[in-house]
Amino acid sequence: MQVAEASTPKPTLPDAQTVTSVRHWTDSLFSFRISRPASLRFRSGEFVMIGLPGDNGKPILRAYSIASPNWDDELEFYSIKVPDGPLTSRLQHIQPGDQVILRPKPVGTLVLDALLPGKRLWFLATGTGLAPFASLMRDPETFERYEQVVMMHTCRTADELTYGRELVENLKHDPLLGELYGADFAKRLLYYPTTTREDSPLMGRITDNLQSGKVNADLNLPPITPETDRAMICGSLAFNTDVKKVLEGFGLHEGANSEPREFVVEKAFVGDGV
Ligand code: FAD
Ligand code: A2P
């Protein structure tokens, strides 16, 4: 794993921020941090447009979930590397001190305000769909609103889980959450990482583990009900559609900022032809 860090020189492009650190997790995944404009306010779970200047002078911008919580001085992002992707084929080479364009207009449905109050909140993600939950898991407000949070993250292989695994591990030693919940925090945040194409301690698709009740049995949780359980979904379109069906089978309904209900959905990326 490579880590690079630098002090923060002032950006010179309009709407640009300075890269402060970059970390490569696998051949196809990296995370990076940039300076945060003092005026930028966002709700944990929201996304912004970020990018790089294009060859024709027009910026190449893409939607990115902010992976850092809203109290953080910097902004963190967790990114795929698409080999021929217009943005990420270049973005993957950024170094501390480089500039990244940030359009500071945060939006999104994966926010606490879009859900009715409840007892237990499920974060359901595949791949880089973890990013909005990396923000929400680090926000004390999540734990003020819910007694328990269950983070289910599924990838094909175990190395793709490393960013999320390390983040959850670090939260156990987080001074803010540690001070608020102490040793109890391990019972407040339950982590359920699974793989589907490589052996690991926990296996299987999120849909199957929810439908069969395996995750409830493994974590000693009661069945999902609309009275107690809330959920946020972030993955490919196919994943989102299938998880939605499973949750609807438990009697939960999709909500939105304008009409809070029992679960909300957001695409982790727009697939080919979607
Ligand atoms: P693109 O031309 O944008 O994509 C090329 C192809 O690569 C796509 O058709 C798709 O098949 C695949 N692809 C793109 N992104 C992903 C991905 N994340 N995982 C798996 N396959 C992908 N991407 C992130 O890496 N991190 C984020 O936090 C993130 N948040 C997003 C939030 C929203 C609301 C949306 C709509 C997208 C988000 N994306 C995120 C995807 C991101 O906008 C870009 O698609 C991605 O950075 C690739 O850009 P590109 O120009 O290199 O390739
Ligand atoms: P699987 O390996 O069984 O296809 P991808 O890289 O294709 O986006 O998949 C990321 C993870 O999401 C994989 O573990 C994959 O499982 C899982 N996944 C993909 N599509 C779905 C779906 N429709 N429902 C549940 N899990 C899915």
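Two residues are in contact when they have heavy atoms within 4.5 Å of each other. The exercises below use a predicted model, in which local features need pLDDT of at least 70 and side-chain atom pairs count only at pLDDT 80 or more, while totals for chains, interfaces and linings use all residues. Residues are numbered from 1 along each chain as its sequence is written, and side-chain values use heavy atoms, with hydrogens and water left out.

**Exercise 1. The two domains**

Task: State which domains the protein chain has, and how many residues of each are in contact with the other.

Solution. Begin with the domain bounds, which come from an automatic or database domain assignment; here they give domain 1 (2-107) and domain 2 (112-265). Next, take the centres of the two domains over C-alpha atoms, which are separated by 25 Å. Finally, turn to the contacts, where 20 residues of domain 1 meet 18 residues of domain 2.

**Exercise 2. The chain as a whole**

Task: Describe the secondary structure of the protein chain and decide how its radius of gyration compares with the globule rule.

Solution. Helices (H or I, at least four residues) and strands (E, at least two) are DSSP runs, numbered from the N terminus, and the protein chain has 9 helices and 12 strands. The radius of gyration is taken over C-alpha atoms, and the globule rule is 2.2 Å times the number of residues to the power 0.38. For 274 residues the rule gives 19 Å, and the radius of gyration of the protein chain is 18 Å, close to that value, so the chain is as compact as a globular protein of that length. Along its principal axes, the C-alpha trace spans about 55 × 40 × 40 Å. Among contacts between residues at least 6 apart in sequence, 72% join residues at least 24 apart.

**Exercise 3. Strand S7 and its partners**

Task: Find which strands pair with S7, and in which sense they run.

Solution. Two strands pair if DSSP finds at least two bridges between them. Strand S2 (residues 16-26) is joined to strand S7 (residues 99-107) by 3 bridges, and the two run antiparallel; Gln17 stands opposite Val100 in S7. Strand S4 (residues 47-53) also pairs with S7 in the antiparallel sense, over 4 bridges, and here Gly51 stands opposite Ile101.

**Exercise 4. The largest nonpolar core**

Task: Work out how many residues the largest nonpolar core has, and which elements supply at least two residues each.

Solution. A nonpolar core is a set of buried Ala, Val, Leu, Ile, Met, Phe, Trp, Tyr and Cys residues joined through side-chain atoms within 4.5 Å, where buried means under 20% relative accessible area, exposed over 50%, and partly exposed in between (1.4 Å probe, protein chains only). The largest such core has 34 residues, and Phe123 and Tyr163 are among those with the most contacts inside it. The elements that each supply at least two of its residues include strand S8 (120-126), helix H2 (131-136) and strand S11 (229-235). The core draws at least three residues from each of domain 1 and domain 2. Not counting residues up to four places away in sequence, Phe123 touches several residues, including Phe133, Met151 and Met232.

**Exercise 5. Two loop residues**

Task: Decide whether Leu130 and Asn220 are buried or exposed.

Solution. Leu130 lies in the loop between S8 and H2 and is buried, with a relative accessible area of 1%. Beyond residues up to four places away in sequence, Leu130 touches Met137 and Tyr163, among others. Asn220 lies in the loop between helix H8 (214-219) and S11, and is exposed, with a relative accessible area of 70%. Most residues other than glycine have a negative phi, whereas Asn220 has a positive phi of about 60 degrees.

Terms used:
Chains lettered and ligands numbered in written order.
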